[in-house]
Amino acid sequence: MNKEKFQKAFDTISFSPDFQERTLDLLRESPAKQAGKSRKHGRVWKAAVVMALIAVIGTSAFAASSLLSPSEIAASMFGTPTVAALFEGEDSVLIEESQPLGDYILTLHGVVSGSTVDMPWRDPSIQIKPEATYIILSAQRKDGTAVSLHDFVESHNITPVVDSYEPGNVWDENGINQEIVPVNKYSVKWRESGTVVDGVFYWLIDATKLEIFADHTVKLAVFHARDSEGHYLQIFEDILVMDEDGTVSFREDFTLPHAMFTLPLDESRADPEAAQTLLEQYKKYAFHEDGE
């Protein structure tokens, strides 16, 4: 069945009046039941998420088509089974959580840590290290049209955030408070790569120094990165905020499309001492404390 026939077939389906409300109740209930449980090599209530998104979006153009698996995504991006094997090993955690992001549906597919398999990034000398965390996401357009790699990358930004750590610089009357080092994509070892397959954008992220923060809640923040005048938004303190209890979230006055996912990192892999060393090194680099 091609997409057009699938579209017509789906349009003939009638939902009960309370379908949307019941499905949203299910979605709100499911994460609570899954709390503290990581499913390896399985899909977590993906069908319910997709059906709910279709109902809530109110458009039949968003097709519940089959997305590539994390290992298929890795193989497609790098053309080698060695890379795909990263997401088939025991450390691989499949998530399959979807959230709306403006004109897109964003899905967090999976996370894997601790591999020593070589990975051919742009620099072939770079290797996967045991402390690395690899994350795969995808983006589909709600109207069913193909995603433009250039347009999506140019208009969206992504960063890790860690509860109890400031997501951006802290300002006082003297300017940036250099004693408080933020945790975001600039202060951790972070690389991104993307590709489009069958109209779907796939994002592969290499965060070499992320799991050392696993004794805290680690999240991914994704947001529309262009304001109404087309300026690129990269000052995280204008977008994200840390509450008094240490929770990092989007600012209430940030109204552009955004989404946030919690990463199920293994707390046993946390290394507070290494995290402190990393931030001290970044502090010297960012604030030129070495005199350069």
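This section describes a five-stranded sheet and a buried loop residue in a predicted model.

The sheet is open and has five strands. Their order is β1-β2-β3-β8-β7, and the pairing is antiparallel. Strands β1 (93–101) and β7 (190–197) form the edges. Each of these edge strands pairs on one side only. From one strand to the next, the twist averages 20°.

Strand β8 (residues 200–207) pairs with β3 (residues 133–141) in the antiparallel sense. Seven bridges connect β3 and β8. Within this pairing, the bridge partner of A139 is F201 in β8. L137 stands opposite W203, also a residue of β8. Strand β8 also runs antiparallel to β7, to which eight bridges join it. Here G194 stands opposite W203. W203 of β8 is thus placed opposite L137 and opposite G194.

Strands β7 and β8 form a hairpin with two residues between the strands. In this hairpin, D198 takes a positive phi near 50°.

Burial of β8 was examined next. The strand is mostly covered, and eight of its eight residues are buried. In a regular strand, side chains alternate between the two faces of the sheet. In β8, V200, Y202, L204 and D206 point one way. F201, W203, I205 and A207 point the other way. Residues of both sets are buried. The buried set that includes V200 also holds the acidic residue D206. W203, which stands opposite G194 of the edge strand β7, belongs to the set with F201, I205 and A207.

Outside the strands, V181 lies in the loop between β6 (175–176) and β7. Its relative accessible area is 13%. V181 therefore counts as buried, because the cut-off is under 20%. Contacts from distant parts of the chain were then considered. V181 touches L279, Y282 and K283, not counting residues up to four places away in sequence. Y282 is 101 residues from V181 along the chain. The C-alpha atoms of V181 and Y282 are nevertheless separated by 7.8 Å. The loop that leads from β6 to β7 thus holds a buried residue, V181, in contact with L279, Y282 and K283.

Notes. Residues are numbered from 1 along each chain as its sequence is written. This is a predicted model: local features need pLDDT of at least 70, side-chain atom pairs count only at pLDDT 80 or more; totals for chains, interfaces and linings use all residues. Side-chain values use heavy atoms; hydrogens and water are left out. Two strands pair if DSSP finds at least two bridges between them. Helices (H or I, at least four residues) and strands (E, at least two) are DSSP runs, numbered from the N terminus. Axes are lines fitted to C-alpha atoms, for helices over the stretch in contact, and angles run from 0 to 180 degrees between N-to-C directions. Buried means under 20% relative accessible area, exposed over 50%, partly exposed in between (1.4 Å probe, protein chains only). Contact means heavy atoms within 4.5 Å.
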